Amino acid sequence: MRVALAVVPAVSAVVGVDVSQSVSESEFSCLRTPGGQGGVEFVIARVYQSGGRLDPVGAQTIKNAKAAGIQYVDGYIFPCVSCGNAAGQVSATVDHLRSSGADFGMLWYDIENYHWGSQSANQAFIKEMVDEGKKLGIKAGIYTNYNNWATIVGASWNYPASQGLPVWYAHYDGSASFSDFGSFGGWSKPNIKQYLGDKSSCGVGVDYNWYPSGEDVVV
């Protein structure tokens, strides 16, 4: 997940969190302080739910993160595949965030095993999301991992990568390193790694994410 993301030189390893619940400004301020995984420097908040509706707390969570001084704040869409209208889910999310004054850097499309159809139908659905994001002029990326991607669309399907979308991948090995990453979907290099899942910090349920120092990252 990274955010307003412009391309900036990373000067040190950076830790961030993704959240799927309401998080207050004070809780984000707490997360910014050095803790077990270090101070949080970026946030990715859920802004659309798999049940087919806008996340009712997503926009405010983004605003709270910004108010707490977190510079890089993104959102992620957990799409409702059975609902259809992939483009509509993206446009509804963007319209809602903009009208709510929630200043996001990127939207990440969450592609994990959950009520998908055939690979060809799944490819068409994701392509529709990608194309709508481009039409709306937003920065976007894909959240997934090799196993999910291979099952849902086929490991070699590379349309999002061919359109310049980066990948944020999940591997809960507790290691802040890309050494475990293997190429798939046209991505030879990841952007972010989700390396710890279902943790709690400052009373907030979070997943921990990381990107390395010494290279340009999309944020």
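**Legends to close-up views of a predicted model**

Of the 219 residues of the protein, 53% count as buried. The model is predicted, and the legends below proceed from the whole chain to individual elements and residues.

**Figure 1. Overall view of the predicted protein, with six helices and 11 strands.** The radius of gyration is 16 Å, close to the 17 Å given by the globule rule for 219 residues, so the protein is as compact as a globular protein of that length. Along the principal axes, the C-alpha atoms fill a box of roughly 45 × 40 × 30 Å. Among contacts with a separation of 6 or more, 76% are between residues 24 or more positions apart. The exposed area of the protein is about 8900 Å², of which carbon and sulfur atoms supply 47%. The protein carries 14 positive and 19 negative charges, and the mean positions of these two sets are 4 Å apart.

**Figure 2. Helix α2 (residues 58-67) and the elements that cover it.** The buried residues of this helix are Gly58, Ala59, Thr61, Ile62, Asn64 and Ala65. Their cover includes the strands β2 (14-19), β3 (40-49) and β5 (72-77), together with the helices α1 (25-32) and α3 (86-100). Glycine 69 follows α2 and has a positive phi, near 95 degrees.

**Figure 3. Surroundings of asparagine 64 in helix α2.** With a relative accessible area of 14%, asparagine 64 falls below the 20% limit and is therefore classed as buried. When neighbours within four places in sequence are set aside, asparagine 64 is in contact with Val23, Ser24, Glu25 and Phe28. Of these contacts, Glu25 and Phe28 fall within the residue range of helix α1 (25-32), one of the elements that cover the buried residues of α2.

**Figure 4. Strand β9 (residues 192-201) and its pairing with β8 and β10.** Strand β9 is mostly covered, with seven of its 10 residues buried. Strand β8 (residues 167-170) runs parallel to β9 and is joined to it by three bridges. Within this pair, tryptophan 168 stands opposite isoleucine 192 of β9. Strand β10 (residues 204-211) pairs with β9 in the antiparallel sense, over six bridges. Leucine 196 has tyrosine 208 of β10 as its bridge partner. The strands β9 and β10 form a hairpin with two residues between them. In the turn of this hairpin, cysteine 202 has a positive phi of about 55 degrees.

**Figure 5. Methionine 106 in strand β6 (residues 106-110).** Methionine 106 has a relative accessible area of 1% and is buried. Glutamine 71 lies 35 residues away from methionine 106 along the chain, and the C-alpha atoms of the two are separated by 13 Å.

**Figure 6. Valine 153 in the loop between helices α5 (146-152) and α6 (159-162).** Although placed in a loop, valine 153 is buried, with a relative accessible area of 2%. Leaving out neighbours within four places in sequence, the contacts of valine 153 are Gln119, Asn122, Gln123 and Ile126. Glycine 117 and valine 153 are 36 residues apart in sequence, and the distance between their C-alpha atoms is 9.5 Å.

Methods. Residues are numbered from 1 along each chain as its sequence is written. This is a predicted model: local features need pLDDT of at least 70, side-chain atom pairs count only at pLDDT 80 or more; totals for chains, interfaces and linings use all residues. Side-chain values use heavy atoms; hydrogens and water are left out. Buried means under 20% relative accessible area, exposed over 50%, partly exposed in between (1.4 Å probe, protein chains only). Helices (H or I, at least four residues) and strands (E, at least two) are DSSP runs, numbered from the N terminus. Contact means heavy atoms within 4.5 Å. The radius of gyration is taken over C-alpha atoms; the globule rule is 2.2 Å times the number of residues to the power 0.38. Accessible areas come from the Shrake-Rupley method with a 1.4 Å probe; for residues, only the protein chains shown count as cover. Lys and Arg count as positive and Asp and Glu as negative; His and the chain ends are not counted. The place of a charge is taken as NZ of Lys, CZ of Arg, CG of Asp or CD of Glu. Two strands pair if DSSP finds at least two bridges between them.
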